[in-house]
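Grab a pencil and work through a few short exercises on how helices pack. Try each one yourself before reading the solution.

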Amino acid sequence: MAASEGSSNGPVSGVPLSSSTDSTPAIAQFQYSAILDHLIGDKRQIKELNPTIMGGLPTPQKSDEQKMIERGMESCTFKAALACVGGFVLGGAFGVFTAGIDTNVGFDPKDPMRTPTAREVLKDMGQRGMSYAKNFAIVGAMFSCTECLIESHRGKSDWKNAVYSGCVTGGAIGFRAGLKAGVLGCGGFAAFSAAIEYYLR
């Protein structure tokens with residue numbers, strides 16, 4: 001009777017308790033490795049991040065014309081042309097403003113006692129505005145083009161590009177008056193560009 005009770009209390013399959021407890025860590029390790037394969041292993045399914053599924057707005061695919069326009073707008077030629085136009089407008093406005101506050105506009109140095117007419121004043125203001133516009137346009141185009149070329153060569157977009165471009169632009173403009181003026185122009189434009197970049201960033 002005791003023997004039958006002892007046999008009934010044992011495992012039904014007839015496998016000893018020690019063998020079942022020894023196989024439990026192996027089964028758990030197999031299941032853990034299977035889960036890892038599905039999460040980070042070769043069996044992992046890569047899902048595309050669709051904005052419509054995530055609740056965002058769908059972004060339409062760009063056409064070839066849009067890509068071509070973006071490449072054109074990011075080119076150095078377009079940036080230089082845009083800076084040239086912007087510099088021309090800004091320089092013209094600055095020249096007209098400085099001519100408007102200058103008390104010597106329209107006066108003839110040969111006859112300083114004669115009062116200038118309105119046409120002469122407007123003519124001098126237009127000439128000064130056009131001179132400033134040309135200078136600003138040249139400086140803007142040179143600075144933007146050299147900065148774009150330096151950025152493309154370095155492959156980085158940081159404050160150093162503006163400093164290098166300012167040095168090249170200032171040196172090229174000042175070099176017409178001599179080597180000393182070129183060095184001073186390089187240092188001055190570089191310092192000014194660094195200050196602007198520090199303020200903007």
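The exercises below deal with helix pairs, an aromatic pair and some record entries in this predicted model.

**Exercise 1.** Work out how helices H7 and H8 are oriented to each other, and which residues meet.

Solution. Start with the geometry: H7 covers residues 159-174, H8 covers residues 179-200, and their axes come within 7 Å. The crossing angle is roughly 150°. Angles over 145 degrees count as roughly antiparallel, so that is the label for H7 and H8. As for handedness, this crossing is right-handed.

Next, look at who touches whom. On the H7 side you'll find, among others, Trp159, Ala162, Val163 and Gly166. H8 brings residues including Ala181, Gly182, Phe189 and Glu197. Sorted by class, the contact of H7 with H8 has nine nonpolar, eight polar and one charged residues.

**Exercise 2.** Now do the same for H6 and H7: find the label for their crossing and the make-up of their contact.

Solution. Here the axes come within 8 Å and cross at roughly 135°. Over 145 degrees would be roughly antiparallel, and 65 to 115 roughly perpendicular. An angle of roughly 135° fits neither range, so H6 is oblique to H7. H6 passes H7 in a right-handed crossing.

From H6, the contact includes Val139, Met142, Phe143 and Arg154. Among its partners from H7 are Lys160, Asn161, Tyr164 and Ile173. The class tally for H6 with H7 is nine nonpolar, five polar and four charged residues.

**Exercise 3.** Describe the aromatic pair of Phe94 and Phe136, and say which helices they lie in.

Solution. First, the search: three aromatic pairs turn up in the whole structure. In the pair of Phe94 and Phe136, the rings sit 6.0 Å apart, centre to centre, with 35° between the planes. Planes under 30 degrees apart would count as stacked and over 60 as edge-to-face, so this pair is tilted. Phe94 lies in helix H5 (residues 76-101) and Phe136 in helix H6 (residues 118-154), so the pair ties together parts that are 42 residues apart in sequence.

**Exercise 4.** Find where UniProt places the feature "transmembrane region", and check what the chain does there.

Solution. The unreviewed UniProt entry puts this feature at residues 80-101 and 181-200. Take residues 80-101: that span is 100% helix and 0% strand, with its end C-alpha atoms 31 Å apart. Then take residues 181-200: the chain is again 100% helix and 0% strand, and the end C-alpha atoms are 28 Å apart.

Technical notes
Residues numbered from 1 in each chain as written. Predicted model: local features only at pLDDT ≥ 70, side-chain atom pairs only at ≥ 80, totals over all residues. Heavy atoms only, no water. Axes fitted to C-alpha atoms, helices over the stretch in contact; angles between N-to-C directions. Helix = DSSP H or I, 4+ residues; strand = E, 2+ residues; numbered from the N terminus. Parallel < 35°, antiparallel > 145°, perpendicular 65-115°, else oblique. Left-handed = near helix turned anticlockwise from the far one by under 90°. Contact = heavy atoms within 4.5 Å. Nonpolar A, V, L, I, M, F, W, Y, C, P; charged D, E, K, R; others polar. UniProt positions renumbered as here; feature names shortened; annotations may be inferred. Phe/Tyr/Trp six-rings, centres within 6.5 Å; stacked < 30°, edge-to-face > 60°.
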